[in-house]
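Please take a moment to look through the sequence and the structure before reading on. The briefing below then goes through one topic at a time.

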Amino acid sequence: MMKAAERDLVELSDLTAESIHEILERANAMCQQTYPLWSDDVRHVGLLFTEPSTRTVHSFRVASARLGVDVLEVQVGSSSLVKGESLADTARTLEAIGAGVIVVRDREDETARILSQVCRAGIINAGGGVRAHPSQGLIDAYTLLEEFGDLQGKRIGIVGDVLHSRVARSDLIAFRALGAEVILVAPPHLQDHSLAVEGVLIESDLDAIVPQLDAIQMLRVQRERMDQDHLGDIEDYIESYQMNLDRLKRAQDSVVVLHPGPLNRGLEITSEVADGDRSRIFAQVAAGVPVRMALLERAFGKVE
Ligand code: CP
């Protein structure tokens, strides 16, 4: 059985490219997994989400059910968090009750890493601050592998509110591990130049970049993480960065459009694109189940 630190998933930068490949291969195998993996043994997964979620929390629920694992879910408003209990004590309480793995989402960047240090249970980061959303990064890589078979040499644009996006940070690690080139396209006030490492380009002119891309990951404008004026003029943003049919016409015929959700329809993406034939947005959601099954299996230490 793997040691706790090895089976935790805090950030994709903690994993080797080989580990990322192994998880994605295991996720592929999970599509054939139709029976409970651990029918002989009752196990529990703790779900500890202090930020809202639809896709992530429910796909971890479904993944748990398909593995034959019970869920212990903390509802923030009716839990002892409102009485001042810390997240670390809440996680250790779930662990003491029987959670072998705890899935955590929190507004602070470091919460999953702190829990990884204080809990014996496996920890899976389901989104931490603006820094990491590793399971989403793996899902997006999985979706593109299903589309292209191989990401070696592919050019993937990650477009929009890069500054506030934990998805962008995890995506670029996953995409680079699989051999893709990443172009981060954002207006200057929503860009993060510290992400410009080897194989990652920083650009601001979306219209110039679109024809070069094999895949386009549109990012949600995260107004809840911005000061009131940070976005600037919405019409200017739409004019330069919205993915709409006119802009998509500039792309290669084979391009695919992703978005991690939830969508701000009419802002970063139009419904015509989101629901169109180049969109793989609901394929991303569907991929959440096998990828998270593979992560739960790994976190329980079942992978040798
Ligand atoms: N992509 C994503 O994390 O979606 P949710 O916030 O709905 O979980």
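How do the residues of the shell around the ligand divide into nonpolar, polar and charged? In this predicted model, two residues of that shell are nonpolar, six are polar and two are charged.

**The shell around the ligand**
- Working along the chain, the residues around the ligand begin with Pro52, Ser53, Thr54, Arg55 and Thr56, continue with Arg105, His133 and Gln136, and end with Pro260 and Gly261.
- The ligand itself sits in the largest pocket.

**Polar contacts with the ligand**
- Arginine 55 takes part through its backbone, where an N or O atom lies 3.0 Å from an oxygen atom of the ligand.
- Arginine 105 takes part through its side chain instead, with an N or O atom 2.9 Å from an oxygen atom of the ligand.
- Histidine 133 also uses its side chain, in which a polar atom lies 2.8 Å from an oxygen atom of the ligand.
- The ligand on its own would expose 250 Å², and 92% of that area is buried by the protein.

**The two domains**
- The chain is divided into domain 1, which is made of residues 5-133 together with 286-300, and domain 2, which is made of residues 134-282.
- The C-alpha centres of domain 1 and domain 2 are 26 Å apart, while 33 residues of domain 1 are in contact with 26 residues of domain 2.
- Both domains contribute to the surroundings of the ligand, as the shell draws at least three residues from each of domain 1 and domain 2.

Key. Residues numbered from 1 in each chain as written. Predicted model: local features only at pLDDT ≥ 70, side-chain atom pairs only at ≥ 80, totals over all residues. Heavy atoms only, no water. Near = heavy atom within 4 Å. Polar contact = N/O pair within 3.5 Å; in protein donor to acceptor, adjacent residues only side chain to side chain. Areas by Shrake-Rupley, 256 points an atom, 1.4 Å probe, with all protein chains shown as cover. 1 Å grid on protein atoms, 1.4 Å probe; cavity = no way out; pocket = protein on both sides within 12 Å on 5 of 7 lines; lining within 4 Å. Sits in = over half its atoms within 2 Å of the grid points. Nonpolar A, V, L, I, M, F, W, Y, C, P; charged D, E, K, R; others polar. Domains from an automatic or database assignment. Contact = heavy atoms within 4.5 Å.
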